[in-house]
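The following exercises concern salt bridges and the solvent accessibility of the residues that form them. Work through each task with the structure in view before reading the solution.

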Amino acid sequence: MNVEKTIQEKTVDTIRILAVEAITKANSGHPGICLDAAPICYELFADYLNFSYKNPKWDNRDRFVLSAGHGSALLYTLLHLFGYNVTKEDLMNFRQLGSKTPGHPEYGITDGVEVSTGPLGQGVANAVGMAVAEAHLAAVFNREGFPIVDHYTYVLCGDGCLEEGISYEACSFAGSQKLGKLILLYDKNDITIEGSTKGTFDEDIATRFKMQGWHVVEVGDANDLKALNSALKIAKSKKDKPSIIICNSVIGYGTALAGTAAVHGTPLNIAQLNQTKEAFGWAEQPFEVPEDVRIHCDYIINEKLKAEQKWNRLFNRYKKNFPELAEKYQAYMSGKTFNADSLKDLSIFKNSEATRISGGKVINKIAEAMPNLLSGSADLTPSTKTDLKNEEFFSPESRTGRNIHFGIREHAMAAICNGIAVHGGLRVLCSTFFTFSDYMKGAMRMSAIMKLPVLYVLTHDSIGVGEDGPTHEPIEQLAALRATPDLNVFRPCDGIETVAAFKFALADNNPSAIVLSRQNLPLLGNVEKALKGGYVLEDCEGKPDVMLIASGSEVEICVKAKAELSKLNISARAVSLPCMELFDSQSKEYKNSVLPKEVTNRICIEAAHTQPWYKYGGLDGKYICMDTFGLSGKAEELFAHFGFTVGNVIEEAKKCIGKD
């Protein structure tokens, strides 16, 4: 390796060495991918990726997603060399508390990181979402001679990403949708943590992707920069289908551990690091970039600024030729398209209808006034009622379609929505049955970590599902979602509270899960009060003997029980608690006005797991909840069987105050 190297090859070695130096200094990280995928990433950044280091959020930049997020040191080194705000000191602080270079790329922490990919496979699906967003926005805004939305999405993955089921789901969708501006760079080194992929991952990847509607290019040696360049050029030219470039590599290239699992996730020790530097003919001080490499990279990034400058000139002409479209585009990209006035009309609701029906009405009211809202489901739109009326489905033939048919693939659906949201310019909603939220919990968690305002509409919220039985009746899901930080979970009692849920969700920066019923419910709620997360729905004179606290369909039971208790000279307060997270964020004074501390006789009622309710009911409280799975039967029979009746609430109230 002591032969004269080109500046390109020397830059690749710089990427490798800086990355493994960061990992060794931290004594934590994954050197294997940094060493074998460095040439892939160099070729992409140097010759193909359009970006502006001075404006990392430039609208029309190409997006690069590191789905193999454990290779974060590789990404940080690329960002350092190509002008982003990642310094030598940041590399030296890799994986340290509070640094800009955390263990996996984190959206919002490091300039140039497009998305938090987290668990393997998420980034592949996120990239599909970005490509969907690009295709839709291009169809809405581009005019002949004015391609103001015209960029590619590139994603680097490894064997592990393609082993995860989410990648199958997402890539099948991408192929069906013919997302030609999506390019997947597959670092194929045939090694995972436990060793060789033989016996676990033996399929013919080229054939798999061809059958999914992808264009396939293979590079025999990932170190061959010319072959990589040619492959990327071919992939970019295939506009009618997404492309995968299979790059055959050797994990830990250049180390004594090359080709083994030992270099996947274990830092090189000092001796191994020095040996690797010697193998590459490296003589620089730790974390130093050779001067000729710095000059080379500076030239590249300053040349790349011309793409943004050209786009700015194009957009200025666009504003003159299409002023209304330009204004609309800027509104989309600013995120300022939601008009709360669109939800003023409460007469659209019937006095007895399922909140999934109410939700569908609300969504369509929003969509009429919010043209950048997209909505889709995992093949359940007829049941979740989330279709946008008079709008087409997004497809290769209709890129302006605002409904998305995701197919039966909940996990990829949620991660694709994360990609749409993080791309910018669009708001997105996806739906499924509440019990199936288990399938997409990993991606919902990533929405919350990134604070992406994805709307999750989850219908068929309880044992009210009825005859479909315990597999379709959510019990523990509310507790699981409520335990997720930065996720708003709404379970409205009627159409009016459903309005409040959507109003808050669309105005907030965090994701929201709106959990809706299959069974019909009466109109009881109050929009403004519900926007506080919890409120007194019906009160008594003076101090209540007992408080009845519920969400969703069980609020009706509270109201009816309160009326019956008054006949027994028992004063009760009925409290609706549609969103615990929102209620908990209110002032102590407000929370105490709704749930006064001195009233310890409390009954919490919800057709779901008891766990989240203890903080409201206390040790002395009574709980009419579900701590077993459901059964198959008519909804009304199930509610009676499990104690969700007015009579049972009355009996529990009498026990609370010693009148049993």
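**Exercise 1.** Does Asp-292 count as buried, partly exposed or exposed? Then identify the parts of the chain that its salt bridge with Lys-10 ties together.

*Solution.* In this predicted model, Asp-292 has a relative accessibility of 35%. Since buried means under 20% and exposed over 50%, Asp-292 counts as partly exposed. The next step is its partner: the side chains of Asp-292 and Lys-10 meet in a salt bridge, at 3.0 Å from N to O. Because Lys-10 lies in helix H1 (residues 7-26) and Asp-292 in helix H12 (residues 291-321), the pair ties together parts that are 282 residues apart in sequence. Lys-10, at 28% relative accessibility, is partly exposed.

**Exercise 2.** Assign Glu-353 to the buried or the exposed class, and do likewise for its salt-bridge partner, Lys-361.

*Solution.* The closest N and O atoms of Glu-353 and Lys-361 are 2.9 Å apart. Glu-353 has a relative accessible area of 6% and is therefore buried, whereas Lys-361, with 24%, is partly exposed.

**Exercise 3.** Locate the two ends of the salt bridge between Arg-573 and Asp-539.

*Solution.* The closest N and O atoms of this pair are 3.0 Å apart. Arg-573 lies in strand S18 (residues 572-576) and Asp-539 in the loop between strand S16 (535-538) and strand S17 (546-550), so the salt bridge ties together parts that are 34 residues apart in sequence. Arg-573 is buried, with a relative accessible area of 9%, while Asp-539 is partly exposed at 37%.

Terms used:
Residues numbered from 1 in each chain as written. Predicted model: local features only at pLDDT ≥ 70, side-chain atom pairs only at ≥ 80, totals over all residues. Heavy atoms only, no water. Salt bridge = Lys/Arg side-chain N within 4 Å of Asp/Glu carboxyl O. Helix = DSSP H or I, 4+ residues; strand = E, 2+ residues; numbered from the N terminus. Buried < 20%, exposed > 50% of the residue type's maximum accessible area, 1.4 Å probe, protein only.
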